[in-house]
Amino acid sequence: TPPFGVVFEIAERDEKALRWAIPEVKGYVEKLRNRFPNIGLAVVTHGNEQFALMDEQRASNQAVHDGVASLVDNDVPVHVCGTNASWRGKGREDFPNYVDVTPAGPTEIRNYQAMGYQLVRVREK
C-alpha cells in the first residue's frame, strides 16, 4: 500500500547540491509514478542549495532550473525556504514563478507529513 504521498527534503551546505539532487529526485518520481500513478509528491529545499534556484542563478544552473520546471510541470511542487532566503536579503521576487517560496521549509515538510506524506531525505551517495 503506498503512502498518501512522498515529500523529498533537500538541505545541504553546498550551493551546487541541486546539480545531483534534482536528477536523483526526478528518478524517484519516475519510479513512484510508474508504480503508483496517483501518489502525491513534493520537494522542499531549505539549505544553501536553494539559492541555485534564484532567477539570477539561472544561467549558471540551467540544467537545475530545467529539472525543477519539469518536476513542477509534472505536478510535483518545489518549495524553497523563505526564512533562509530572507537571511540573505532575498524574497519571493528573486525566484522564478515555478518555485514556491514557502515561509519556512521545515514547517512545509511537517505540513506534508500531517497530510500523510512520507519524508525522504535526499542525500549525496
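This report walks through two helices and several individual residues in a predicted model.

**The H1 and H2 pair**

Let's begin with the helices. Helix H1 covers residues 18–35, and its axis comes within 9 Å of the axis of H2, the two crossing at roughly 25°. Angles under 35 degrees count as roughly parallel, so H1 is described as roughly parallel to H2. The crossing of these two helices is left-handed.

If you would like to find the contact on your screen, look on the H1 side for Leu18, Arg19, Ile22, Val25, Lys26 and Val29, which meet Val64, Gly67, Val68, Ser70 and Leu71 of H2. What is the make-up of this contact between H1 and H2 in nonpolar, polar and charged residues? Seven of its residues are nonpolar, two are polar and two are charged.

**Two residues of H1**

Glutamate 24 is part of helix H1. Is glutamate 24 buried or exposed? Its relative accessible area is 16%, and since the limit for buried is under 20%, glutamate 24 counts as buried. Its side chain has a partner: a polar contact of 3.0 Å joins the side chain of glutamate 24 to the side chain of tyrosine 28. Setting aside residues up to four places away in sequence, glutamate 24 touches Val122, Arg123 and Lys125.

Arginine 35 also belongs to helix H1. With a relative accessibility of 65%, arginine 35 counts as exposed.

**Two residues of H2**

Helix H2 runs over residues 62–73, and histidine 65 is found there. Histidine 65 is buried, because its relative accessibility is 1%. A polar atom of the histidine 65 side chain lies 2.9 Å from the backbone oxygen of alanine 52. Which residues does histidine 65 touch, not counting those up to four places away in sequence? They are Ala52, Leu53, Met54, Gln57, Arg58, Pro96 and Tyr98, so alanine 52 appears here as well as in the polar pair.

Valine 72 is in helix H2 too. At 25% relative accessibility, valine 72 counts as partly exposed. Beyond residues up to four places away in sequence, valine 72 touches Val78 and Tyr98. Tyr98 is thus a contact of both valine 72 and histidine 65.

**Outside the helices**

Proline 3 sits in the segment before E1. Its relative accessibility is 29%, which places proline 3 among the partly exposed residues. Apart from neighbours within four places in sequence, proline 3 is in contact with Ile39, Gly116 and Gln118.

Moving along the chain, glutamate 12 lies in the loop that joins strand E1 (5–10) to H1. Not counting neighbours within four places in sequence, the contacts of glutamate 12 are Ala17, Trp20, Gly47, Asn48, Glu49, Val122 and Arg123. Val122 and Arg123 are also listed among the residues touched by glutamate 24.

Aspartate 75 is in the loop between H2 and strand E3 (78–81). What is noted about the phi of aspartate 75? It is positive, at about 60°, although aspartate 75 is not a glycine. Aspartate 75 is exposed, with a relative accessible area of 61%.

**Sequence separation and distance in space**

The table sets separation along the chain beside the C-alpha to C-alpha distance for some pairs involving the residues described above.

| Pair | Apart in sequence | C-alpha distance |
|---|---|---|
| Proline 3 and tyrosine 117 | 114 residues | 6.3 Å |
| Glutamate 12 and glutamine 62 | 50 residues | 19 Å |
| Arginine 35 and valine 78 | 43 residues | 21 Å |
| Valine 72 and histidine 46 | 26 residues | 17 Å |

Proline 3 is a nice one to look up in the structure: its C-alpha atom is separated from that of tyrosine 117 by 6.3 Å, with their places 114 residues apart along the chain. The contacts of proline 3 include Gly116 and Gln118. For arginine 35 and valine 78, by contrast, 43 residues apart along the chain, the C-alpha separation is 21 Å.

Conventions
Residues numbered from 1 in each chain as written. Predicted model: local features only at pLDDT ≥ 70, side-chain atom pairs only at ≥ 80, totals over all residues. Heavy atoms only, no water. Helix = DSSP H or I, 4+ residues; strand = E, 2+ residues; numbered from the N terminus. Buried < 20%, exposed > 50% of the residue type's maximum accessible area, 1.4 Å probe, protein only. Polar contact = N/O pair within 3.5 Å; in protein donor to acceptor, adjacent residues only side chain to side chain. Contact = heavy atoms within 4.5 Å. Axes fitted to C-alpha atoms, helices over the stretch in contact; angles between N-to-C directions. Parallel < 35°, antiparallel > 145°, perpendicular 65-115°, else oblique. Left-handed = near helix turned anticlockwise from the far one by under 90°. Nonpolar A, V, L, I, M, F, W, Y, C, P; charged D, E, K, R; others polar.
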